[in-house]
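Let us walk through this structure step by step, moving from a single turn of the backbone outwards to the arrangement of the chains.

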Amino acid sequence: MADGSKVLDVAGVSKRFGDLEVLSDISFQVAKGETVCVLGPSGSGKSTLLRCINWLERPDAGQIYLTGTEIGVTGAGIVMSDRELSRLRTRIGMVFQHFALWPHLTVLQNLMEAPIQVQKRPSAEVRDEALALLAKVGLSDKRDAFPAKLSGGQKQRVGIARALAMRPDLLLFDEPTSALDPELVGEVLVVMRELAHEGMTMVVVTHEMGFARDAATRILFLDRGRVVETAPPERFFSAPETERARQFIQRYAGHVANGGCRT
Amino acid sequence: MIHDFGIVWSERNLLLSGLGNTTILSVLSAAAALLIAFVLTPALMSKQQWLAGIVRGFVDGMRCVPFLLFAYIVYYGLPSVGLRLDNWTSGLVALTIYNAAYMAEILRGAWAAQPREPIEAGIAFGFSNLGLFRRIVLPPLLLAAGPVIGNQMIQIIKDSAFLTIIALPELTHAASSIQSRHYVPFAAFITAVFLYWGLCLVIEAGVSSIDRLAMARR
Amino acid sequence: MTGGDILAILQGAVVTVTLSLTGILIGLPIGLSLAVLRWADVPVVARIVTVYVSILRATPLVTLLLLLFFALPNIGIAIGPISAAILALVMNTAAFNCEVWRASLMNFPRDQYEAAQSVGMGAGLRFRRIVLPQIVRSSLPGLVNEMSLLIKVTPVLAVVGVVDITRAAVRIGAETYDPLPPFLVAVALYAPIVFVLVSLQRWIERRQAMAEAAA
């Protein structure tokens, strides 16, 4: 683990939709520079957890702290105004399963929109940084294209660059490769691995076991809305402590061995 | 027959001012109706049942009332309850309020068909309230709804002709005046028809250029 | 406003409904014929139809009605208010129906048409037995929509002296110096008719969407 200062602290978060308890009493922390992979069967609440972190979903109970600041609730226990919530959200980058690029803006404009409009940073500086980010994800030549003209893999790389353009303290990935054709998954994982190596703090919900094994610093295993197990990837994959985790890994064992096919 | 068109030509100033008034009326009320729709549409889609219900009632109600009757009520009926508007104000108010309901329904349909994720991304990237609506929600919405809004603008131009009955000096009224003054009905009204056609062709050209923008993004 | 006044407006309603139905019944098949002419791309005629539809789409019904009512007698064709009203409604609605029918024809799967050809059906038979039943279905919501639009423009017919709902209401308003009540009665007569058509359109659309989802 990196320097040990907590970027994210999730304390006892619960969420229910009607009668269905999606998350119950989830607690975990993410230190600076960590890559935490959230694994679990579908329907285990992984995406909801991610969406609760930046309050796209409002948790029913529990607290979430970003570098010590509570998200969604002010010191006096009052729910934040949209404006305050927005300011905190700009520090959390999010990469979506279906890319969620803004269709009316070009690739470069997608990267520059929020830094200029929300963070109010000078446009020349934002532009330089955006161009550098596009080069980093290998899409310099697509800067003036509209999202609709890109392949899925390209869209998702733009999605990652767009999140990075906010200079976030934390990056959230919501199944970033599960909407992609199998042959396009690789190019996105390459970018994500690079970010992990550079020490970006990330929480990644994924079904890519190969990525989880060699890029994660820690695995968070969710089942039926609970954290069933949390461990470094080597230990999680070779010697899981719980029966649920063992079954889960067994089902995906083949995929782990050959280094991360889609599930 | 050529002589008749000569008479119409000699009255071209009257006709052109009618065309100008029709254009001003239609453009002003279309813009105002669209602005009102920007407020009505979020209300239509609101989770507050009472608010959505009231606006839904207004929108459906307007869609069931003939425009001409609505204009009559605004001009002739409102004085009975103490509200007297001149014919220009009545015409503009009637056209605007009536079409705001249609525009709101058009925008609601286009909004409901928009994918949810890009809007959610806007929220996640720190946009809120007006900024979210103006920068993230509205542009793709207008691109998608462009052709239907164009159709509605043509409808507004045609509705504006009804205002001739409250003596508003728009294009049809101008043609009527020429016809009653010189008794050249065919020349006067067919000229008006072609001028209306010209207006619509301009709108259609505008719509197709919006459509080109939309196609590049689709 | 007296009971007799309301009765007068109701008589106007009978005129309005009769004229609307006549306009719809004549306009529907003419619209279909125009659409087929465009679809079959009959030389010259198809172009004329295109221009006709484009002009009529842009022409307010009042303007068209005044043109017919005043100009036709001018060239020796005697026409009364009722005939002018029906003619204007038909010309107007035929253009819009043409667009609805044409959209369905354009979306009609070509291979079905060829399949009918391959089993030896002649052009007339092909159209009547294979094409028509299907495009009636897909045109239905658009046609119902056009009917509600047509009914909503009928108050204009009062301009040339047809004693419909609107003219009856105007007259009573002028006699009683209180125009609001008769207009509200007029609205109360129109709104349910249009509402039924709008609901019918939504119902057909929902049913067709459900049938499509099930298939």
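In this predicted model, a useful starting point is A:Gly138, a residue with a positive phi, near 75°, that follows helix α4 of chain A. Going back into the helix itself, α4(A) covers residues 123-136, and its 14 residues reach 20 Å from the first C-alpha to the last, which is close to the 20 Å expected at 1.5 Å a residue.

Which residues of α4(A) are buried? They are A:Ala130, A:Leu133 and A:Leu134, and because they fall within an arc of 100° when seen down the helix axis, they line one face of α4(A). The general reason for such a pattern is that an α-helix has 3.6 residues a turn, so residues three or four places apart point the same way. The buried residues of α4(A) pack against two other helices of chain A, namely α3 (107-117) and α5 (152-164), while the face turned away from the buried side carries the exposed residues A:Ala124, A:Glu125 and A:Asp128.

Chain A also contains an open sheet, in which four strands pair in antiparallel fashion in the order β2-β1-β4-β5. Its edge strands are β2 (20-31) and β5 (69-70), each of which pairs on one side only. Strand β1 (residues 6-17) of chain A is joined to the antiparallel β2(A) by eight bridges, and here A:Lys6 stands opposite A:Ala31 of β2(A).

Turning finally to the chains as wholes, two pairs are in contact, and of these chains B and C share the most contacts. Chain A and chain C, by contrast, do not touch, since their nearest C-alpha atoms are 23 Å apart.

Technical notes: Residues are numbered from 1 along each chain as its sequence is written. Chains are lettered from A and ligands numbered from 1 in the order in which they are written. This is a predicted model: local features need pLDDT of at least 70, side-chain atom pairs count only at pLDDT 80 or more; totals for chains, interfaces and linings use all residues. Two residues are in contact if their C-beta atoms, placed from the backbone, lie within 7 Å. Two strands pair if DSSP finds at least two bridges between them. The expected span of a helix is 1.5 Å times one less than its number of residues. A residue is buried if 20 or more other C-beta atoms lie within 10 Å of its own, exposed if 12 or fewer, and partly exposed in between; C-beta atoms are placed from the backbone. The arc is that of the directions from the helix axis to the C-beta atoms.
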